[in-house]
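Here is a friendly walk through one protein chain, from its strands to its disulfides. Have the model open beside you as you read.

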Amino acid sequence: MIRTLVLVLSLAMVGCTGAQTPPSTDRPASVEAAPDTVDFSCSTDADCAVKDVGNCCGYYPACVNIDSPTFPERVQAQCEREGRMSVCGFPSLLGCRCVEGRCEGVTGAQGGETRID
């Protein structure tokens, strides 16, 4: 549970800073994520999808593994418990790419697959 909260807080910080790159992980793409974590691993672009990971403002899209659950409600609850807020807004992701085994967002200038789930 502690690891889940750390990940949720990390995702919230991504939303608060406006950064588009989720926290990094050292595990290879072929290793499955723990049940309570967001999985960013991929082997191909088709392994990735834009999903709501949440932040302290609410909705926040990020590219994650297409089969991964996300926990925006947990991020929001953690923000409320800590009395944290963030600037509202989020990147306009058109789709995702698999870059070095990790799902990364594609913006308008980059082109690429447009898969939004």
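## The E3–E4 hairpin

Cys98 has Cys103 as its bridge partner in E4. Strands E3 and E4 run antiparallel and share five bridges; strands count as paired if DSSP finds at least two bridges between them. Helices (H or I, at least four residues) and strands (E, at least two) are DSSP runs, numbered from the N terminus. Two residues sit between the strands of this hairpin, where Glu100 adopts a positive phi near 50°. Strand E4 (residues 102-106) is largely enclosed by the rest of the structure, because five of its five residues are buried. Here buried means under 20% relative accessible area, exposed over 50%, and partly exposed in between (1.4 Å probe, protein chains only).

A word on the model: it is predicted, so local features need pLDDT of at least 70 and side-chain atom pairs count only at pLDDT 80 or more, while totals for chains, interfaces and linings use all residues. Residues are numbered from 1 along each chain as its sequence is written, and side-chain values use heavy atoms, with hydrogens and water left out.

## E1, E2 and the cores

The antiparallel pairing of E1 and E2 also spans five bridges, and Lys51 finds its bridge partner, Ala62, in E2. E1 is mostly covered, with four of its five residues buried.

What makes up the largest nonpolar core? Its eight residues are Cys42, Cys48, Val50, Cys63, Leu93, Cys96, Cys98 and Cys103. At least two of these core residues come from each of E1 and E3. A second, separate core has seven residues, among them Val53, Tyr60, Val64 and Phe71. A nonpolar core is a set of buried Ala, Val, Leu, Ile, Met, Phe, Trp, Tyr and Cys residues joined through side-chain atoms within 4.5 Å.

## Five disulfides

The structure holds five disulfides, a disulfide being a pair of cysteine sulfur atoms within 2.5 Å. With the bonded cysteines numbered in sequence order, they pair as 1-9, 2-10, 3-6, 4-7, 5-8.

In one of them, the sulfur atoms of Cys42 and Cys98 are 2.1 Å apart, and the link is right-handed at 90° about the S-S bond. This pair connects the loop between helix H1 (2-17) and E1, home of Cys42, with Cys98 in strand E3, 56 residues apart. Cys63 and Cys96 are also joined, S to S 2.1 Å, in a left-handed link with -85° about the bond. Cys63 belongs to strand E2 and Cys96 to strand E3, so this disulfide ties together parts 33 residues apart in sequence.

## Helix H2 and its surroundings

Which residues of H2 are buried? They are Pro72, Val75, Gln78 and Cys79. Viewed down the helix axis, they fall within an arc of 125°, so they line one face; the arc is that of the directions from the axis to the C-beta atoms. The face turned away from the buried side carries exposed Glu80 and Arg81.

Cys79 forms a disulfide with Cys56, their sulfur atoms 2.0 Å apart. Both cysteines are buried. After H2 comes Gly83, with a positive phi near 65°. Gly83 counts as exposed because its relative accessibility is 58%.

## The aromatic pair

One aromatic pair turns up in a search of the whole structure. The ring centres of Tyr59 and Phe90 are 4.9 Å apart and the planes lie at 80°, so the pair is edge-to-face. For such rings of Phe, Tyr and Trp (its six-membered ring), centres must lie within 6.5 Å; planes under 30 degrees apart count as stacked, over 60 as edge-to-face and the rest as tilted.
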